[in-house]
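Subject: Structure handover and notes

Dear colleague,

I am passing on the structure that we talked about, and below it you will find my notes on what was found in it. Please read them with the structure open beside you.

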Amino acid sequence: LICSCQRRACQVSLGDLFDRAVKLSHYIHSLSSEMFNEFDERYAQGRGFITKAINSCHTSSLTTPEDKEQAQQIHHEDLLNLVMGVLNSWNDPLLHLVSEVQTIKEAPDTILWKAVEIEEQNKRLLEGMEKIVGRLHPGGLGNELYSRWSGLPSLQLPDEDSRLFAFYNLLHCLRRDSHKIDNYLKLLKCRLIHDSNC
Amino acid sequence: MKRKSLQQSISSITYVPHHLILFHPWQSPPGKPKIVRCHSPEKEMLACWWKPGSDGGLLTSYTLLYSKEGEGQTYECPDYTSAGPSSCYFNKKHINSWTTYIITVKAINEMGSSISEPHYVEAASIGKPEKKKSNKVVMLNFISFSPGQPPGKPELIKCRSPEKETFSCWWKPVSDGGLPTNYTLFYNNEGEESFYECPDYTTAGPNSCYFDKKHTSLWTIYNITIKATNEMGSNISEPHYVDVTYIVQPNPPVNLSLALNKHTDGKLYLLMNWSSPPLADVRSGWLTLEYELRLKPEEGEEWETIFVGQRTKYKVFSLIPGEKYIAQVRCKSDHGEWSKWSSESYIHLPKEFRLKDMMVWVFVAVLSSVICLIMIWMMGLKGINMVACILPPVPGPKIKGLDAHLLEAGKNEELLSALGCQGFPPTSDCEDLLVEFLEIDDSEDQQLMPNHEKGHPNKNLKSGNKETDSDSGRGSCDSPSLLLEKCKESRIPPAEFQTPDFSETQVKAAGKSSQETQNRDPELKLPDFNSDGVKSSTWPGTQLASSQIPKGSYHNIVEVCKVAFSAMNVNVSAIRMGNEEKHPSKYSKNIETICEGEMTQRRKGEICL
């Protein structure tokens with residue numbers, strides 16, 4: 001990123017910050033999507049996991065826009081707040097995912113390294129978003145949103161079937177939430193940086 | 001417990017006390033009976049027969065039920081016996097014409113019951129059965145249909161969203177059992193209890209359901225099922241779980257335009273421009289699209305595919321001028337699927353006039369013309385030689401020459417006969433010949449070229465002296481050869497040839513040897529020889545005298561030979577050279593060499609004088 005010296009401080013432009021954030025969110029979702037598909041193919045065939053994975057994400061307590069109209073109506077501050085809330089809510093689960101996924105029988109290397117990569121990139125994205133928030137709202141966003149994750153025990157269940165379903169569910173929720181974040185950030189970027197004229 | 005056989009229980013309903021029912025593992029509800037046929041044995045009568053299914057190891061009873069189409073009420077068979085076992089008999093009290101009757105058979109046993117497929121019977125006119133007048137028998141007054149089937153299981157094919165705001169689902173129509181089938185789609189939103197029906201069956205085409213913006217939510221799972229219904233029943237598909245987030249496939253991009261532009265350095269390039277599909281909201285950032293182009297020349301087989309990213313224009317260099325190109329573009333949502341390729345766009349590139357190419361050709365042309373000119377000039381310089389090379393010289397007339405081998409062998413007669421000469425003087429005539437030769441020289445010398453005497457006498461003397469210094473005889477005998485050698489060496493053109501000089505040397509050389517003979521010789525016939533007007537002769541001496549020498553011709557040589565030899569015959573005795581006796585063979589050789597030498601020299605086109 002190119003630093004332009006403004007106001008006695010070397011600052012990366014907001015546009016560049018958003019570009020970087022969008023790249024990260026795009027990358028995280030691609031990884032999550034691949035990871036889910038690999039897991040689904042390998043472990044979930046014929047088990048009917050999807051029928052059970054309804055309303056099972058820990059972040060569903062955070063009310064997020066569900067279509068374009070809702071997303072366009074919401075104020076960018078609130079949207080940013082939501083993004084931060086979701087990202088923060090995933091810190092913990094991702095950490096445990098990395099450690100627990102290794103206990104899956106014959107887990108392929110691709111799933112393992114993806115888990116590690118997602119966890120790392122998520123941290124970077126959080127840092128970048130904090131910078132953006134700091135730039136846009138120096139005083140902070142106020143009401144910090146957060147959803148606690150309590151799914152660790154289910155990842156450690158003795159019953160193989162239940163454990164696999166717990167992983168399936170977690171990966172399913174990760175895929176969904178990473179897509180949400182990616183979509184919201186792209187929306188915000190066009191709105192704030194390009195004046196809704198991408 | 002008594003167990004009656006199946007046959008026994010056909011026409012009666014047997015009551016089996018429940019407390020007597022015991023569970024046996026092999027017992028099961030009865031199998032489905034099947035109505036075999038319905039037939040009118042007599043007028044206004046109908047009988048139907050059925051085939052029982054498995055009895056499940058238990059006592060099974062059968063009940064035939066019928067109802068009129070359109071009416072709800074069912075009736076039971078009035079008569080189970082008249083038509084035989086597993087049958088039902090209807091008479092006209094029960095059957096009306098012009099109605100369709102639906103007949104079913106129910107099998108009941110302790111474990112359960114089973115109903116056959118419905119059998120349709122249409123009562124046409126109930127008329128008298130006609131007697132057999134011909135082979136055609138009109139028997140049935142009742143037409144019975146094959147039973148209808150409930151529909152098969154429907155199946156959802158796919159669901160797609162073109163812009164992440166609405167979506168549509170399509171299903172595969174099923175075998176409808178010959179009856180019209182209705183489809184209903186039910187869906188259930190994640191987190192909601194109730195099921196809803198498809199809001200729009202038409203917008204997306206036949207066998208489809210269209211969900212508009214109001215009915216579309218992202219990041220939720222839709223549980224979708226399809227129900228197929230017909231008169232005979234219904235069938236439900238397996239549940240299909242759909243999240244609109246992951247089914248995005250945009251429409252192809254539009255307005256693909258191709259234009260030729262000139263770059264700053266003068267190069268031509270193709271500028272390709274297109275727009276995102278109309279429904280996609282890229283401006284707000286809701287949808288992010290990436291594009292891919294493909295190009296090929298019209299005649300080409302393989303497409304060149306170029307990934308463009310999010311831009312909507314692209315420059316193409318390195319195209320072949322004069323070719324016609326086809327181009328297409330497609331797009332995909334950032335995490336979705338590729339759209340179909342857009343319709344083809346064409347462009348015809350003009351043929352390029354490249355200055356460089358022309359310069360190269362001009363240079364090549366100039367260079368080759370210069371080379372041609374040089375070659376022609378060089379040919380011009382060499383002139384005759386080149387002409388001679390290209391156009392072979394006209395061969396002169398062929399004259400049989402002296403056969404060297406014959407001469408050597410001493411077969412003089414054969415040699416001369418080949419020449420056409422008559423006779424051959426004996427070698428002892430050598431001297432005479434030489435004397436004659438000398439005489440001629442003298443006369444000629446005095447007559448014709450007095451001026452040249454002074455020219456080169458010294459030179460010739462010297463050269464002549466070298467050879468004739470030794471013996472007198474040798475000198476005179478050698479003179480022809482001497483002349484010949486000199487002739488060969490010097491190559492003097494006729495006009496310049498010092499005829500008198502040679503003659504002088506000859507004379508002088510001979511004179512040293514024998515002056516007597518010199519004096520005598522001029523009187524001989526040899527002046528005749530001169531008077532022949534020999535333009536050229538084998539005797540160098542005589543040639544010396546003649547100014548007409550350059551126009552030599554071969555036949556003259558022969559003539560000269562003849563004359564010379566005849567002269568030799570006559571005057572051979574006059575010439576007495578001491579050395580000649582010693583060298584007879586040499587003399588003959590000398591003559592030969594002279595004759596030959598002349599001829600060869602003539603052949604070469606040189607005139608030896």
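Before the notes begin, one term is needed: a residue is called buried when its relative accessible area is under 20%, exposed when it is over 50%, and partly exposed in between, using a 1.4 Å probe and protein chains only. By that rule Glu119(A), with a relative accessible area of 11%, is buried, whereas Lys123(A), at 43%, counts as partly exposed.

Please keep in mind that this is a predicted model, in which local features need pLDDT of at least 70 and side-chain atom pairs count only at pLDDT 80 or more, while totals for chains, interfaces and linings use all residues. Residues are numbered from 1 along each chain as its sequence is written, chains are lettered from A and ligands numbered from 1 in the order in which they are written, and side-chain values use heavy atoms, with hydrogens and water left out.

Chain A

Helices (H or I, at least four residues) and strands (E, at least two) are DSSP runs numbered from the N terminus, and chain A has 7 helices and 2 strands, which follow the pattern β-β-α-α-α-α-α-α-α along the sequence. Of its 198 residues, 49% count as buried. Helix 7 of chain A, residues 160-192, has 28 of its 33 residues buried, so this helix is largely enclosed by the rest of the structure. The expected span of a helix is 1.5 Å times one less than its number of residues, and for helix 7 of chain A this gives 48 Å, which agrees with the 47 Å between its end C-alpha atoms.

Where the chains meet

Counting as contact any heavy atoms within 4.5 Å, the interface takes 29 residues from chain A and 24 residues from chain B. The two chains bury about 2500 Å² between them, 55% of it on carbon and sulfur atoms, where buried area is the accessible area (1.4 Å probe) that two parts lose on being put together, summed over both. Glu66(A), Lys68(A) and Arg176(A) supply 25% of the area that chain A buries against chain B, more than any other three residues.

Salt bridges

Side chains of opposite charge can pair when their charged atoms come close. A salt bridge here is a side-chain nitrogen of Lys or Arg within 4 Å of a carboxyl oxygen of Asp or Glu, and the rule finds 21 over all chains, with 5 across the interface of chain A and chain B.

Within chain A, Lys123(A) and Glu119(A) form one such bridge at 3.5 Å, N to O; because they are 4 residues apart in helix 5 (residues 109-136), about one helical turn separates them.

Which residue of chain A pairs with Glu190(B) in a salt bridge? The partner is Arg176(A), with the closest N and O atoms 3.0 Å apart. Glu190(B) lies in the loop between strand 12 (182-189) and strand 13 (195-197) of chain B and Arg176(A) in helix 7 of chain A, so the pair joins two chains. Both ends are buried, Glu190(B) at 10% relative accessibility and Arg176(A) at 6%.

Glu165(B), buried at 6%, meets Lys68(A) in a salt bridge at 3.2 Å, N to O, and forms another with Lys213(B), where the closest N and O atoms are 3.2 Å apart. Salt bridges that share partners join Lys68(A), Glu165(B), Lys213(B) and Asp281(B) into one network.

With best wishes
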